[in-house]
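Here's a quick briefing to read alongside the coordinates. Have a look at the fold before you dive into the details.

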Amino acid sequence: MSNCEAFDLGNIDVEPHHTKEVLRCVFHTIIFNRALGFVRPRESDCELFDVTYVSCLDSELERQVEARISEICSVIGRIGNNTDTLKVSLTFYEKMKRQQGWFGGNQERKLYWERWQLSLRFNANDFKDPFSPPPSTYSLSHSLSSTPYPPVEVPSLPSHYIEEQVEDILASIATHAMAKKDHLPPVGDCVSPLTFPFEISFSVEGGARTVGRLSIPLPSSLTNSIEGGVQAMRKLLAQAPPPPNIL
């Protein structure tokens, strides 16, 4: 991707249930601004907050985007409160054919020409960890107890705060798309709005340990408590007098 133009849209602070709507706004706005063929625009309203975006009126294009968003949300739902940040990218490419040796046939490869990336930072309110103890009330007896603590409440993000962030990102997409055009590939006769194909990729970032193929972080509060309990037990055993000899 050495010749691929990259646009970093920065970070957005959201709650997990906002993921689908935020990705819809962002992906469809990017695709509309890079729909180099015949385009029929459509205005769409977000279901969760007061934001309107423009998308291409094309059923196949919408199906592709929705399928990928559903896959991303499914992964987020499976790993729950082990999710800190979701990084997504949408990359446009053109298909090129390359000759394989003297007797080989033509092999198709992807030539990437533009990439958009965004990070979603999750608020912890929807991910209530029953093993997170209240601050300043933890003790060794609690760390060795199997009784879980009540979930720690985190204030929800106000809807107007989400709306402002989304609107800023959509404006940034339009600005970048209008300012940077020299790298766009030549467009032939095309009646479809999606002149060039695209890929949507993502990665989920959390914490520390891996179970199977999913990265599952161990809550830092629980890790510190266990380590502190073990160290305290070692200190007590070291200071205890040796047992008397039994004849």
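Let's start with a helix that makes a handy geometry check. Helix α2 (residues 59-79) has 21 residues, so at 1.5 Å a residue it should span 30 Å, and its end C-alpha atoms, 31 Å apart, agree with that. Keep in mind that this is a predicted model. The protein chain has five helices and eight strands, and 34% of its 247 residues count as buried.

**Overall layout**
- Reading from the N terminus, the elements of the protein chain go β-α-β-β-α-β-β-α-α-β-β-β-α.
- Among contacts in the protein chain with a separation of 6 or more, 75% come from residues 24 or more positions apart.
- The protein chain has an accessible surface of about 15,100 Å², and carbon and sulfur atoms account for 53% of that.

**Helices α1 and α2**
- At the N-terminal end of α2, D58 acts as a cap, with a side-chain oxygen 3.3 Å from the backbone nitrogen of E60.
- Right after α2 comes G80, with a positive phi near 50°.
- The buried residues of α2 are L61, V65, E66, I69, I72, V75, I76 and I79.
- The length of α1 works out as well: 15 residues at 1.5 Å each should span 21 Å, and its end C-alpha atoms are 21 Å apart.
- α1 is mostly covered, with 12 of its 15 residues buried; charged side chains turn up in that set too, including E21 and R24.

**Salt bridges**
- The count of salt bridges comes to 11.
- K180 pairs with E5 in a salt bridge, with 3.8 Å between the closest N and O atoms. K180 sits in the loop between α4 (159-179) and β6 (198-205) and E5 in strand β1, so this pair ties together parts 175 residues apart in sequence.
- K180 is partly exposed at 39% relative accessible area, and E5 is partly exposed at 23%.
- R24 and E47 form another salt bridge, their closest N and O atoms being 3.7 Å apart. R24 belongs to helix α1 and E47 to the loop between β2 (41-45) and β3 (52-56), so the pair ties together parts 23 residues apart in sequence.
- Here R24 is buried at 15% relative accessible area, whereas E47 is exposed at 65%.
- A network of salt bridges links E21, R24, E47 and E66.
- E205 forms a salt bridge with K87, with the closest N and O atoms 3.2 Å apart. Since E205 lies in strand β6 and K87 in strand β4 (residues 85-99), the pair ties together parts 118 residues apart in sequence.

**Buried spots worth a look**
- E114, in strand β5 (residues 106-122), counts as buried at 0% relative accessibility.
- The E114 side chain makes a polar contact with the W116 side chain at 2.7 Å.
- Leaving aside residues up to four places away in sequence, E114 touches C4, E5, F7, R34, L90, T91, F92, H183 and L184.
- H18, in the loop between β1 (5-14) and α1 (19-33), is buried with 8% relative accessible area.
- H18 and L48 are 30 residues apart in sequence, with their C-alpha atoms 7.4 Å apart in space.
- Beyond residues up to four places away in sequence, H18 touches L48, F49 and I162.

**Cysteines**
- The disulfide count is zero.
- C4 is buried at 13% relative accessible area, and C56 counts as buried at 4%.

Technical notes
Residues numbered from 1 in each chain as written. Predicted model: local features only at pLDDT ≥ 70, side-chain atom pairs only at ≥ 80, totals over all residues. Heavy atoms only, no water. Helix = DSSP H or I, 4+ residues; strand = E, 2+ residues; numbered from the N terminus. Buried < 20%, exposed > 50% of the residue type's maximum accessible area, 1.4 Å probe, protein only. Polar contact = N/O pair within 3.5 Å; in protein donor to acceptor, adjacent residues only side chain to side chain. Contact = heavy atoms within 4.5 Å. Expected span 1.5 Å × (residues − 1). Disulfide = S-S within 2.5 Å. Areas by Shrake-Rupley, 256 points an atom, 1.4 Å probe, with all protein chains shown as cover. Salt bridge = Lys/Arg side-chain N within 4 Å of Asp/Glu carboxyl O.
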